[in-house]
Amino acid sequence: MAIPQSFLKELDQRSPIADIASSYVDLKRRGKNLVGLCPFHNEKTPSFNIYPENNSFYCFGCGKGGGVLQFVMNAENLAFPDAVRWLAQRAGMTVPEDGVDDSMSRLRTRILEINREAGRFFYSTLSTPEGKPGLDYLKSRGLDAKTIRHFGLGYAPDSGFALVNHLRRKGYTQEEMQAADVARMSQRGNPYDRYRSRVMFPIFDLRGNVVAFGGRILTDEKPKYINTGDTLVYHKSSGLFAMNFAKDSNSRQLILAEGYMDVIALHRAGFSNAIASLGTSLTEEQARIMRRYADEVVICYDSDEAGQRATQRAIPILKNTGLLVKVITVPGNKDPDEFMKSQGKDGPLRFKQLLESGGSDVEYRLDKIRSKYDLSTTDGKSRYLRDALENVVSKLDKMERDLYSARLSRETDVGRDSILDSANRLAAQENRKKKRELIRSQTKIQAAQSPFNREKEGHLKAALAEEGVIAFLFLHQEKAKELQEKLPPEKFVTDWNRRVYGILLGKAIHGEVSLNDFSEDLTGDELSELTRIVTVRREAPPTWDDVQEYIRILLYERGFKDPKNIQNASHEELQKYLEELKKGKTGKP
């Protein structure tokens, strides 16, 4: 049964594993994850974990794991095709069968057509008497006809049936309108317009298709904005307003603003690399999309408390994808739109100066900490110094610690060497903590049985390094091409890891990969083994620096000859061995 990957991805997105597993397991939240007693073996202490972030599960007791499809296969004792049908029925989807047109693909095409037609309708309404409130609003915000046309802005009439009737005349059914989320059903079963009396902002995908809308009310009615929900062609977690324009800006820098009007104001001022995250909290998926087109992101959120909280939250999400992060704060508690208007014709130049003077994310975080303390007092300086060292400076690399220790010295009148010593000591404590976590993680790995990788016992160090690379790649799929160049699959030592790595590499290079995407490449037990490789490293996920060490091991060592040596070695002995490896003292294979 050949099922299109697009259908499987849509099925995965529409099937939250936490909702499905809760029918079989009493789940309790533990941080970002959920835990409970495993439904696949008898246990008294919960070892069954649900990971909503990538829609997967893993049991540390019996070793079963995978995506939502694998869970259904295990829980209902179903083969892969039957599990697909089971999930599809639950999600209200029709499975495309062999030799039959892909109905989901047809519906996806119809939704895109509806969105395009709706966008044209909203835009044309601006030139009618019904659209005058919307046109007046856009003009009051300083937008000219060229800008309105460029962004496809429009207005949804007040009647409540104008768009529905228009789409009916075009031959679209009420089911298709619902699927596009431009219409809702009344209690009597009649469709009505989702958007009424709202200025409309179409949202485009990277290919220029209209995939969703945002609508702004012109009265004090709440909510101020409503947005398209998840559909076959749009997912809030990955949507970025104006990314279709920004990706072609010939800049490896993106400006991340908060709202539609901020982005439009920046584009009008010549900053066509501005985008927004559509009123939602920034997600890892959005950050990964940005990483494809940029090396640096400048956060330009509102300077109010909510905007600053959003900035603090966005910084680690962006940095975890490998992006450089800068932060600018628009003076006078203004947003970019207000700032441009207040500066008149000098607005673009002034904003460019803001961009050039904007500090790094480290400087931003230090400034936020400094604002909490009175540095005119000894106590204020002491508390600022302690806070800055513990929460920012100690977490930087050696060169940055040196640099920012000098800044703290100037601000607090404490000697730079003394501050640097404290920062290095805190950093060493943090490193020791990470090493202990890594040792615990590696102990779990070594203790786990791997009936698939039968070469692991004879090449334990190499196999663990390979698993580290696989886990890193799964968590950082944007590194696929770089890893393929540095470490092609043929450099792996063990056959099973090589096969899994090759499959993952091939899939990640062509797009985002979930565990469900392996359901037809790996058996259920093999998928559980891949899930284990990824899962047991969550507490201490491998970094790019770790990957460099793994690569050295695989390229030069090809595994320890005696696995007992690695099993009994202390962490310090392993580090010493790696240092010797770097210096070439252990020789090459």
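What follows is a chat about a predicted model, its five-stranded sheet and some of its ring contacts.

Biologist: Let's start with the sheet. What makes β4 and β5 count as paired?

Modeller: The cut-off is at least two bridges between two strands. β4 (residues 56–59) and β5 have 3 bridges, running antiparallel, so they pair. Within that pairing, Phe57 faces Gly66 of β5, and Tyr58 stands opposite Gly65.

Biologist: And how do you know that β3 and β4 pair?

Modeller: By that rule of at least two bridges. These antiparallel strands are joined by 4 bridges, so they count as a pair. Tyr51 is found opposite Ser56 of β4.

Biologist: Why are β1 and β5 called edge strands?

Modeller: The sheet is open, with its 5 antiparallel strands in the order β1-β2-β3-β4-β5. Each of β1 (28–30) and β5 (65–67) pairs on one side only. From one strand to the next, the twist averages 25°.

Biologist: Which helices pack on that sheet?

Modeller: Helix α3 (residues 68–76) does, touching β3 (48–51), β4 and β5, with its direction at about 120° to that of β5. Helix α23 (residues 524–535) also packs there, touching β3, β4 and β5, at about 95° to the direction of β5.

Biologist: What about the hairpins, where are the positive phi values?

Modeller: The hairpin of β3 and β4 has 4 residues between its strands, and Asn55 there has a positive phi near 55°. For β4 and β5 there are 5 residues between the strands, with Gly63 at a positive phi near 85°.

Biologist: Which way do the side chains of β4 point?

Modeller: Ser56 and Tyr58 go one way, Phe57 and Cys59 the other, and all are buried. In general, side chains of a regular strand alternate between the two faces of the sheet.

Biologist: On to the rings: how many aromatic pairs are there?

Modeller: The whole structure has 20. One of them joins Phe57 and Phe71, with 5.6 Å between centres and 80° between planes.

Biologist: Why is the Phe57 and Phe71 pair called edge-to-face?

Modeller: A pair needs centres within 6.5 Å, and edge-to-face needs planes over 60 degrees apart. With 5.6 Å and 80°, both conditions are met, so the name fits. This pair links distant parts of the chain, Phe57 in β4 and Phe71 in α3, 14 residues apart. Both rings' residues are buried.

Biologist: What makes Phe121 and Phe122 edge-to-face?

Modeller: Their centres are 6.0 Å apart and their planes 65°, so they pass the limits of within 6.5 Å and over 60 degrees.

Biologist: And why do Phe121 and Phe122 count as buried?

Modeller: Buried means under 20% relative accessible area. Phe121 has 14% and Phe122 has 2%, so both qualify as buried.

Biologist: Which residues do ring pairs link into a cluster?

Modeller: Phe151, Phe201, Tyr225, Phe241, Phe245 and Tyr260.

Biologist: How do you know that Lys479 and Lys507 sit close enough to count as over a ring?

Modeller: The distance limit is within 6 Å of the ring centre. The charged end of Lys479 is 4.4 Å from the centre of the Trp544 ring, and that of Lys507 is 5.9 Å from the centre of the Phe518 ring. Both distances therefore fall within the limit.

Notes
Residues numbered from 1 in each chain as written. Predicted model: local features only at pLDDT ≥ 70, side-chain atom pairs only at ≥ 80, totals over all residues. Heavy atoms only, no water. Helix = DSSP H or I, 4+ residues; strand = E, 2+ residues; numbered from the N terminus. Axes fitted to C-alpha atoms, helices over the stretch in contact; angles between N-to-C directions. Contact = heavy atoms within 4.5 Å. Phe/Tyr/Trp six-rings, centres within 6.5 Å; stacked < 30°, edge-to-face > 60°. Buried < 20%, exposed > 50% of the residue type's maximum accessible area, 1.4 Å probe, protein only. Lys NZ or Arg CZ within 6 Å of the ring centre and 35° of its normal.
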